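Please find below my notes on the model under review, set out as numbered points so that each can be checked against the coordinates.

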Amino acid sequence: MKIAVIGTGYVGLVTGTCLAETGNSVICVDINHEKVEKMKQGVIPIYEPGLEILFHRNIDQGRLTFTTELEKAIVDAKIIFLALPTPPGADGSADLSFVLNASKDIAKLVKDYKVVVTKSTVPVGTADKVNAVFKANTSVEVDVVSNPEFLREGVAVEDFMKPDRVVIGTQSEKARKLMDELYAPYVRSGNPIIYMDERSSELTKYAANSFLATKITFMNEIANLCELVGADVDMVRRGVGSDARIGKRFLFPGVGYGGSCFPKDVQALAKSAEEAAYDFQILNSVMEVNEKQKTVIVDKMRKYYNNDLKGKKFALWGLAFKPETDDIREAPALYIIDELLKDGAEVAVFDPQAMDHVKKLKGDSISYVNDQYAVMQDADALIIVTEWSVFRTPDFNYMEQKLKSKVIFDGRNLYDLHKMEECGYYYSSIGRKIVS
């Protein structure tokens, strides 16, 4: 099937590449000429495990191409995916200008029946708005379908190729037939394609992400309480997670959630509720708690250093909002760095993938070191913010030679408390006793 994907950001590029992998002919469109030229040359603009192999294979075999020309991309396409940014506006609502402007441009170019799919995460009612744009700008038949993505950064290729479920919002049998044909190769093991109306589909994505953000935030609150009452959050997590009604995932406490989805989607759902005159109290609390949680580790540091961080040097492991990605959007590390600099501290950082992105943002206000041990040279303490696998079993004896003091502030609970005790570290983590 011939497919056009409008937008080559994270969602668009993964979508286009994975659709090509099952034999579809995919043209990806972007307005950034430099980016398109690089992709034509085989340069992948994002880091995502497993994507590069598929990217190169499908380019080499002619199924995946790139262009800046919208008309060229859509002229023969049966399905057009809109994978465009929907950034939060000043009031927290999703900005639909990219989606609606692209829809208007497409409407002026279509000559035969198309299925236009909103792949971006969008508020309830967006499909209706997109449909209205097409009706106002063309007499050609177009079906607008909602098909939210459920891709986890770091495992997005697997999520697309082997989805838990595919959610599709449409009331058109014609569109449904095409979408069935498109997704058939991805659900051969029996995972469902769930059809519903467009508004329910749009809300499903927001509801899923907001529920997961709430689950994370609840465990962070439990962790904070554990510290006050002398309980261990790891024990609590295991006890709670063994209940089949709750499950083990998204129960790990830490320094809050970040990334391109949870912060934006929680905020947008709360705003949508507000516009419907509904006070979504739990989501407002989730946002408030998460904002504080991002810098809870700095509060621990201030307490340890008697509110005097001036002149101290700290090594920081992990800049990306989660491991196996270079995405730093709303990453807790950025908030922690800002607080430390505000207090007059010096910060040296290491991350396996995200340092170039942070350098563009923070410039020379911090130091960047390309080695996880060298970054600790003469540092007063180590701060762990992202749970990259390379941080899980470090050489503590070698670390001791680098650090000025054997002090670790761990925002991801990577290490066993007894191990830290044996190694003689001061070790402060989340929701567990301090080892000193």
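**Notes on the predicted model**

1. Helix 12, which covers residues 281-293, has 13 residues that at 1.5 Å a residue should span 18 Å, and its end C-alpha atoms are indeed 18 Å apart, in agreement with that expectation. The model is a predicted one, and the values quoted throughout this note are to be read in that light.

2. Which residues of helix 12 are buried? They are Leu 283, Val 286, Val 289, Asn 290 and Gln 293. These residues cover an arc of only 125 degrees around the axis, which puts them on the same side of helix 12. As general background, an α-helix has 3.6 residues a turn, so residues three or four places apart point the same way. On the other side of helix 12, Gln 281 and Lys 292 are exposed. The cover over the buried residues of helix 12 includes helix 9 (198-229), helix 11 (262-275) and helix 13.

3. Turning to charged pairs, a search of the whole structure returns 28 salt bridges. In general, side chains of opposite charge can pair when their charged atoms come close. One of the salt bridges found here joins Asp 343 to Arg 302, with an N to O distance of 2.7 Å. Asp 343 sits in the loop between helix 14 (332-342) and strand 10 (346-350), whereas Arg 302 belongs to helix 13 (residues 296-304), so the pair ties together parts that are 41 residues apart in sequence. With a relative accessibility of 23%, Asp 343 counts as partly exposed, while Arg 302, at a relative accessible area of 17%, is buried. Both residues also take part in a network of salt bridges that links Asp 299, Arg 302, Glu 339, Lys 342 and Asp 343.

4. Two further salt bridges deserve a look alongside the accessibility of their partners. Asp 112 pairs with Lys 114, the closest N and O atoms being 3.0 Å apart; here Asp 112 is partly exposed at 39% relative accessibility, but Lys 114 is buried at 2%. Arg 245 pairs with Asp 243, and the closest N and O atoms are 2.7 Å apart. In that pair Arg 245 counts as exposed because its relative accessibility is 76%, where exposed means over 50%, and Asp 243 is partly exposed with a relative accessible area of 22%.

5. As for the strands, the model contains an open sheet of 6 strands, in the order 11-10-9-12-13-14 and with parallel pairing. Its edge strands are strand 11 (367-368) and strand 14 (426-428), each of which pairs on one side only. Within this sheet order strand 9 is followed by strand 12, and 4 bridges join strand 9 (residues 313-317) to strand 12 (residues 381-384), the two running parallel. Leu 316 stands opposite Ile 383 in strand 12.

6. Is Ser 146 buried or exposed? Ser 146, which lies in strand 6 (residues 142-146), is buried, with a relative accessible area of 2%. The side chains of Ser 146 and Ser 201 are joined by a polar contact of 2.7 Å. Leaving aside neighbours within four places in sequence, Ser 146 is in contact with Thr 118, Val 167, Ile 168, Gly 169, Glu 198, Ser 201 and Glu 202.

Terms used. Residues numbered from 1 in each chain as written. Predicted model: local features only at pLDDT ≥ 70, side-chain atom pairs only at ≥ 80, totals over all residues. Heavy atoms only, no water. Salt bridge = Lys/Arg side-chain N within 4 Å of Asp/Glu carboxyl O. Buried < 20%, exposed > 50% of the residue type's maximum accessible area, 1.4 Å probe, protein only. Expected span 1.5 Å × (residues − 1). Arc of directions from axis to C-beta. Contact = heavy atoms within 4.5 Å. Pairing = 2+ DSSP bridges. Polar contact = N/O pair within 3.5 Å; in protein donor to acceptor, adjacent residues only side chain to side chain.
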